Amino acid sequence: MLAPPPMLKANLATLNALRTLFGVRAAGRLFKRSSGRASHILEEARASYGAGWDAIRAVHALMEQAFLETPASEIIDSPTRAAPFLKARLAGLGYEVFAVLFLDAQHRLIRWEELFRGTLTQTSVYPREVVRRALACNCAAVILAHNHPSLCGQPSRADQILTRELQSALKLIDVQVLDHIIVAGSNTTSMAQLGLL
């Protein structure tokens with residue numbers, strides 16, 4: 001017998017998780033109304049299922065805490081693993097946050113810092129402060145990151161200008177900008193992959 005396609009396996013796993021939380025009948029209704037999409041299921045569960053939603057929140061809190069207790073250096077051992085880490089930290093915030101991952105010459109994480117907080121639509125970023133922190137960390141490279149609470153993952157014109165300004169400022173102290181990652185809900189956008197660095 002052939003293995004089910006990955007999407008079917010994911011749907012089956014989702015349905016089984018819902019059955020555990022809500023029982024067979026309620027799980028079937030919830031799965032059908034949400035077309036099996038986890039993000040829709042969470043919204044539907046929040047609106048309709050008190051005890052089940054409490055269980056989801058409890059499991060999520062435990063998973064998040066376990067993730068946060070894991071040293072970032074164990075999670076990010078290469079720049080390509082930065083996006084999931086940043087998504088876990090920045091997704092779902094109702095305000096903009098600008099953060100920096102400071103990396104050594106082998107692109108291993110030295111530290112991560114949330115440097116600036118803003119409003120729903122913007123945050124003020126000061127290149128001088130980013131340079132100061134880079135010097136203090138004695139880093140060789142950085143990955144810049146911020147979130148878009150609007151859930152629009154596309155880099156704005158202001159994002160592109162800021163990235164160029166930071167690249168220029170950091171270049172003066174011989175620090176390379178490897179990427180600028182935008183977190184928009186459950187999605188991330190790499191400005192490096194878009195050719196904007």
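Tutor: Before we start, one definition: two strands count as paired if DSSP finds at least two bridges between them. Keep in mind, too, that this is a predicted model.

Student: Thanks! How many bridges join β1 to strand β3?

Tutor: Strand β3 covers residues 141-147, and it runs antiparallel to β1. Within this pair, Leu-103 stands opposite Ala-141 of β3. Pairing needs at least two bridges, and the number joining β1 to β3 is six.

Student: In β2, which residue is the bridge partner of Ala-99?

Tutor: Let's look at the other neighbour of β1. Strand β2, residues 109-117, is antiparallel to β1 and joined to it by seven bridges. One bridge there links Leu-103 with Leu-109. For Ala-99, the partner in β2 is Glu-114.

Student: Which residue takes a positive phi in the hairpin of β1 and β2?

Tutor: Five residues lie between the two strands of this hairpin. Among them, the one with a positive phi, near 65°, is His-107.

Student: In what order do the five strands form the open sheet?

Tutor: The pairing in this sheet is mixed. At the edges, β2 and β5 each pair on one side only, and the twist averages 20° from one strand to the next. Helix α7 packs on the sheet and touches β1 and β2. Reading across, the order is β2-β1-β3-β4-β5.

Student: How many residues of β1 are buried?

Tutor: Start with the two sides of the strand. Val-97, Ala-99, Leu-101 and Leu-103 point one way, while Phe-98, Val-100 and Phe-102 point the other, and all are buried. For β1, residues 97-103, the count of buried residues is therefore seven of seven, given that buried means under 20% relative accessible area.

Student: How many residues does the largest nonpolar core have?

Tutor: Among the residues with the most contacts inside this core are Phe-98 and Val-100. The elements giving two or more residues to the core are β1, β2, α7, β3 and α8. A second, separate core includes Phe-85 and Ile-143. The largest core has a residue count of 19.

Student: Is Thr-189 buried or exposed?

Tutor: Thr-189 lies in strand β5, and it touches several residues, including Pro-155, His-180 and Leu-194. Its side chain also reaches the backbone oxygen of Gly-153 at 2.9 Å. The relative accessible area of Thr-189 is 14%. Because the limit is under 20%, Thr-189 is buried.

Conventions: Residues are numbered from 1 along each chain as its sequence is written. This is a predicted model: local features need pLDDT of at least 70, side-chain atom pairs count only at pLDDT 80 or more; totals for chains, interfaces and linings use all residues. Side-chain values use heavy atoms; hydrogens and water are left out. Buried means under 20% relative accessible area, exposed over 50%, partly exposed in between (1.4 Å probe, protein chains only). Helices (H or I, at least four residues) and strands (E, at least two) are DSSP runs, numbered from the N terminus. A polar contact is a pair of N or O atoms within 3.5 Å; within protein, one must be able to donate a hydrogen and the other to accept it, and residues adjacent in sequence count only if both atoms are side-chain atoms. Contact means heavy atoms within 4.5 Å. A nonpolar core is a set of buried Ala, Val, Leu, Ile, Met, Phe, Trp, Tyr and Cys residues joined through side-chain atoms within 4.5 Å. Axes are lines fitted to C-alpha atoms, for helices over the stretch in contact, and angles run from 0 to 180 degrees between N-to-C directions. Lists of a residue's contacts leave out its neighbours within four places in sequence.
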